[in-house]
Structure formats: C-alpha cells, structure tokens
Amino acid sequence: MARATAPMIPLGYGKFVRADRVYALVPLEGADRGDRRRTLVHVEGIEAPLVASRSERALAEDLAVALGHEPPGGQRGDSNRFEQEALF
C-alpha cells in the first residue's frame, strides 16, 4: 500500500520537513558552524536553506530510512560496526 505523503524528518529546533522534498545537505564548517548550527538543508519550494542542528550523517540516515533506501554506511546507527552478537 502506497503512502499518501512522505514521512517527516526532524531537523532540530522543532523543525521538520518532508523527506521527499529535501534535495541537498551541506555540512557547515569553520566560523559558520556553532550555536548548534550543523547542516544547511535545501528543501524544494523553500528559497533559502534551513539550518539544522543535526549532523549531515544523521539527516542522511533519516532520509534514507524515510524513503525506503539503505542508510549510508550500512545499518542505521552502525550498531553492528564491531560485529557484536545481537542481544535480542
């Protein structure tokens, strides 16, 4: 069954965007970063990019999961990165 709209993903600061409307994530570096400013999120239909307090990687993982794709770098949260046996 198809969904009517894509899931919302959190940007931080109480901001949410539809996952299917995000077209670019730009990590902030140097003097631009600070005061919980981590990533610029470009959203279709909004002229200026939104400032997210979450990292580019965290946002990319949420986007991939929301859109039904494999998260970058493997499993979400990299929980098996040390190849430990699952507890549950």
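How does Tyr13 count at 43% relative accessibility: buried, partly exposed or exposed? Tyr13 counts as partly exposed, where buried is under 20% relative accessible area, exposed is over 50%, and partly exposed falls in between (1.4 Å probe, protein chains only). This residue sits in the loop between strand 1 and strand 2 (15-18). Its phi is near 60 degrees, a positive value in a residue other than glycine.

Before going further, a word on what you're looking at. This is a predicted model, in which local features need pLDDT of at least 70 and side-chain atom pairs count only at pLDDT 80 or more, while totals for chains, interfaces and linings use all residues. Residues are numbered from 1 along each chain as its sequence is written, and side-chain values use heavy atoms, with hydrogens and water left out.

**Overall picture**

The protein has 1 helix and 5 strands, arranged along the sequence as β-β-β-β-β-α. Helices (H or I, at least four residues) and strands (E, at least two) are DSSP runs, numbered from the N terminus. Of the 88 residues, 25% are buried. The accessible surface is about 6,400 Å², and carbon and sulfur atoms own 52% of that; the areas come from the Shrake-Rupley method with a 1.4 Å probe, and for residues only the protein chains shown count as cover.

As for confidence, pLDDT is the predictor's own score for each residue, from 0 to 100. Its mean here is 84, with 82% of residues at 70 or more. Confidence is lowest in helix 1, at a mean of 93, and highest in strand 4, at 96.

**The sheet**

Three of the strands make an open sheet in the order 3-4-5, with antiparallel pairing. Strand 3 and strand 5 are at the edges with a single partner strand each, so one side of each has no neighbour in the sheet. From one strand to the next, the twist averages 30 degrees. Helix 1 packs on this sheet, touching strand 3, strand 4 and strand 5, and its direction makes about 160 degrees with that of strand 3. Those angles run from 0 to 180 degrees between N-to-C directions, with axes fitted as lines to C-alpha atoms, for helices over the stretch in contact.

Two strands are called paired if DSSP finds at least two bridges between them. Strand 3 and strand 4 are joined by 5 bridges, while strand 4 and strand 5 have 3. Here are some of the facing residues:

| Residue | Opposite residue |
|---|---|
| Val26 | Leu40 in strand 4 |
| Leu40 | Val51 in strand 5 |
| Thr39 | Ala52 in strand 5 |

Strand 4 deserves a closer look. 5 of its 5 residues are buried, so the rest of the structure largely encloses it. Thr39, Val41 and Val43 are buried on one side, and Leu40 and His42 are buried on the other. In a regular strand, side chains alternate between the two faces of the sheet. The hairpin of strand 4 and strand 5 has 6 residues between the strands, and there Gly45 takes a positive phi near 90 degrees.

On strand 3 you'll find Pro27, which counts as partly exposed at 34% relative accessibility. Leaving aside residues up to four places away in sequence, Pro27 touches Arg38, Thr39 and Glu56, where contact means heavy atoms within 4.5 Å. The C-alpha atoms of Pro27 and Arg57 are 9.1 Å apart, although 30 residues separate the two along the chain.

**The helix and the core**

Helix 1 covers residues 56-66, and its buried residues are Leu59, Glu61, Asp62, Leu63, Ala64 and Ala66. These pack against strand 1 (8-12), strand 3 (22-27), strand 4 (39-43) and strand 5 (50-52). Just after the helix, Gly68 has a positive phi of about 80 degrees.

The largest nonpolar core has 11 residues, among them Ile9, Leu11, Val17, Val41, Ala52 and Leu63. A nonpolar core is a set of buried Ala, Val, Leu, Ile, Met, Phe, Trp, Tyr and Cys residues joined through side-chain atoms within 4.5 Å. Strand 1, strand 4 and helix 1 each give two or more residues to this core, and helix 1 gives the most, with 3.

Ala52 also brings us back to the opening residue: beyond four places in sequence, its contacts include Tyr13, along with Leu11, Val41 and Leu59.
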